[in-house]
Amino acid sequence: MASVPRLPAAHAPPRTSIPAALPFLCPSSSPRVAPPPATGPRRLVAVAAARAMPWPHVLTVAGSDSGAGAGIQADIKACAALGVYCSSVVTAVTAQNTVGVQGVHAVPEEFVGEQLRSVLSDMSVDVVKTGMLPSAGVVKVLCDSLRKFPVKALVVDPVMVSTSGDTLSGPSTLATYRDELFSMADIVTPNVKEASKLLGDVSLHTISDMRNAAESIYKLGPKHVLVKGGDMPDSPDAIDVFFDGKEFIELHGLRIRTHNTHGTGCTLASCIAAELAKGAKMLQAVQVAKKFVESALYHSKDLVIGNGPQGPFDHLFNLKSPLYKMGSRQKFNPDDLFLYAVTDSGMNKKWGRSIKDAVRAAIEGGATIVQLREKDSETREFLEAAKACVEICKSSGVPLLINDRIDIALACNADGVHVGQSDMPAWEVRELLGPGKIIGVSCKTVAQAEQAWKDGADYIGCGGVFPTTTKANNPTLGFDGLRTVCSASKLPVVAIGGINAGNADSVMELGLPNLKGVAVVSALFDRECVMTETRNLRSILMNACARS
Ligand SMILES: Cc1ncc(COP(=O)(O)OP(=O)(O)O)c(N)n1
Ligand SMILES: Cc1ncsc1CCOP(=O)(O)O
Ligand SMILES: [Mg+2]
């Protein structure tokens, strides 16, 4: 039997179509599927199967929104989109639409208690998420139920005022939140208006105010606080402040220009709950949730439902995406950076091969991601080649990125772009490409790496690690420079510059944090046989990872 080197997870290359693909690498978060309903003996089998394959379960305790953009309806859609079961305890029925809230009918406290008992006593709830809790009595009933039926995590979205400005819970409820519920919560997710109300109407205008608010709310008992800055005026992007009692982390997101934002708060909290139910750590859950909301808003920005100022958005946008239907990749996988083949038009011409043939050969040799770096191709010629390469890469499941040229990337529907410090800033690229595309940024310093992260990049390219003649006037960073950037980076890193079969192992064996692979131009393309060189380099990298 052929022996496959066991790679540390951090260095594991992704699946490719070549035979050397590693069968033990599976996507980590594929949604689980519910067993079919059954009765009698079949029901016993189904129960046993359910034990073997539990379905992550969020219970939302919230109000119904007749317009279905927010509340219980948003929570169920958000959990469903993330592959998580969502049960629901209705605390109030609201009559609302895109104009505002026309009426609220609270469910009697005892009946909220009865619903909680029904679900929590039977249905293996992992995480409880709260939305509209219309009275202090309902908050108390919930706290009692959670003491009786503990769950793995509690996410509290302190819904007090609807996005249309209507009040959804009064001052006595606020006091009960602070006195009873917060100390049981794993995270509380107020927006700035809610944070201000919770803290006695303090004014919050700056990021520093948001940090202070997060710290003050943390002191009320929850394990984490996320103060959402989406409503902050004058901010070019949507900055949220996350606090875990020790560190403040600013989470930057794209501000999508759309009126369809009704239900973003409910959705974000439900996504956090769903990710926690799947086993994510808190910060990771918050990041996935933010990305989900951003993507949903982006895909819904032009939808029109209703005549009011704030429309709903589409939680199930993925079902409509042509990429989803074609089974293409949804998310960037940092392991794809393992062996990054970067083309060069001059080199391909020199060896008498087309870009297409070069890309095909690199993929056959085991390249895990490809970048078209065509510095002197005419636009028309480049676009035609890029379209052909998109097809080749798509059929092999290898992402294709375009160097520098956002226009070409858009026109050929590439998987993303790579830009440097003198190219278009990554945040502008993100605005143009949207959240689903991969963006790489060249970074030589810690400050550049930090900026790339804030700008919404997916990875950074760091180099030249060794001297290179492929890129003129490119300073050599050496191992020390690479180490400094990798250690500080919040994004995965690919090393570039002068890397070849003779030194690639020394780069991977550094075992640097975040370093996922090497990007190579001349050692693959300034050679007679691209496929052989790629295959050789891949095997060198795999052996190096198996050793370190
Ligand atoms: C993976 C990767 N890393 C770095 C670069 C360099 O990009 P840039 O600094 O924009 O220089 P050019 O490639 O445009 O000359 C890269 N292309 N790929
Ligand atoms: C594009 C680029 N960016 C930093 S070094 C470099 C050139 C890498 O080419 P080679 O792999 O031939 O050294
Ligand atoms: Mg560039």
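The following exchange examines how several descriptions of this predicted model are justified.

Reader: What makes D404 and D423 the protein donors of the magnesium ion (ligand 3)?

Author: The OD atoms of D404 and D423 lie 2.0 to 2.1 Å from the magnesium ion. Donors are N, O and S atoms within 2.8 Å of this metal, so both residues qualify. D404 lies in the loop between β12 (400-403) and α15 (406-412), and D423 in the loop between β13 (416-419) and α16 (426-433), so the pair ties together parts that are 19 residues apart in sequence.

Reader: Why is D404 called partly exposed?

Author: The relative accessibility of D404 is 24%. Buried means under 20% and exposed over 50%, so D404 falls in between. The value for D423 is 27%, and D423 is therefore partly exposed as well.

Reader: What makes the phi of D404 worthy of remark?

Author: D404 has a positive phi of about 65° although it is not a glycine. Most residues other than glycine have a negative phi. N514, in the loop between α19 (504-508) and β17 (515-520), also has a positive phi, of about 75°, and is not a glycine. With a relative accessible area of 29%, N514 is partly exposed.

Reader: How do you know that the side chain of S442 makes a polar contact with ligand 1?

Author: An N or O atom in the side chain of S442 is 2.7 Å from an oxygen atom of ligand 1. A polar contact is a pair of N or O atoms within 3.5 Å, so this pair qualifies. By that cut-off, the 2.9 Å between a polar side-chain atom of K471 and an oxygen atom of ligand 1 also qualifies. So does the 3.3 Å between an N or O atom in the side chain of H418 and a nitrogen atom of the ligand. The protein covers 91% of the 420 Å² of accessible area that ligand 1 has on its own.

Reader: Why are the buried residues of helix α2 (residues 71-81) said to be on the same side of α2?

Author: The buried residues of α2 are G71, I72, A74, D75, A78 and C79. They cover an arc of only 160° around the axis, which puts them on the same side of the helix. What covers them includes β1 (57-65), β2 (85-96), β4 (127-130) and α8 (264-278).

Reader: How do you know that the peptide bond from G463 to G464 is cis?

Author: Omega for the bond from G463 to G464 is near -5°, and the bond is cis. Most peptide bonds are trans. G464 is placed in the loop between β15 (459-463) and α18 (478-488).

Definitions and conventions
Residues are numbered from 1 along each chain as its sequence is written. Chains are lettered from A and ligands numbered from 1 in the order in which they are written. This is a predicted model: local features need pLDDT of at least 70, side-chain atom pairs count only at pLDDT 80 or more; totals for chains, interfaces and linings use all residues. Side-chain values use heavy atoms; hydrogens and water are left out. Buried means under 20% relative accessible area, exposed over 50%, partly exposed in between (1.4 Å probe, protein chains only). Helices (H or I, at least four residues) and strands (E, at least two) are DSSP runs, numbered from the N terminus. The arc is that of the directions from the helix axis to the C-beta atoms. Contact means heavy atoms within 4.5 Å. Donors are N, O and S atoms within 2.8 Å of the metal (3.2 Å for Na, K and Ca); water is not among the atoms, so sites may look incomplete. A polar contact is a pair of N or O atoms within 3.5 Å; within protein, one must be able to donate a hydrogen and the other to accept it, and residues adjacent in sequence count only if both atoms are side-chain atoms. Accessible areas come from the Shrake-Rupley method with a 1.4 Å probe; for residues, only the protein chains shown count as cover.
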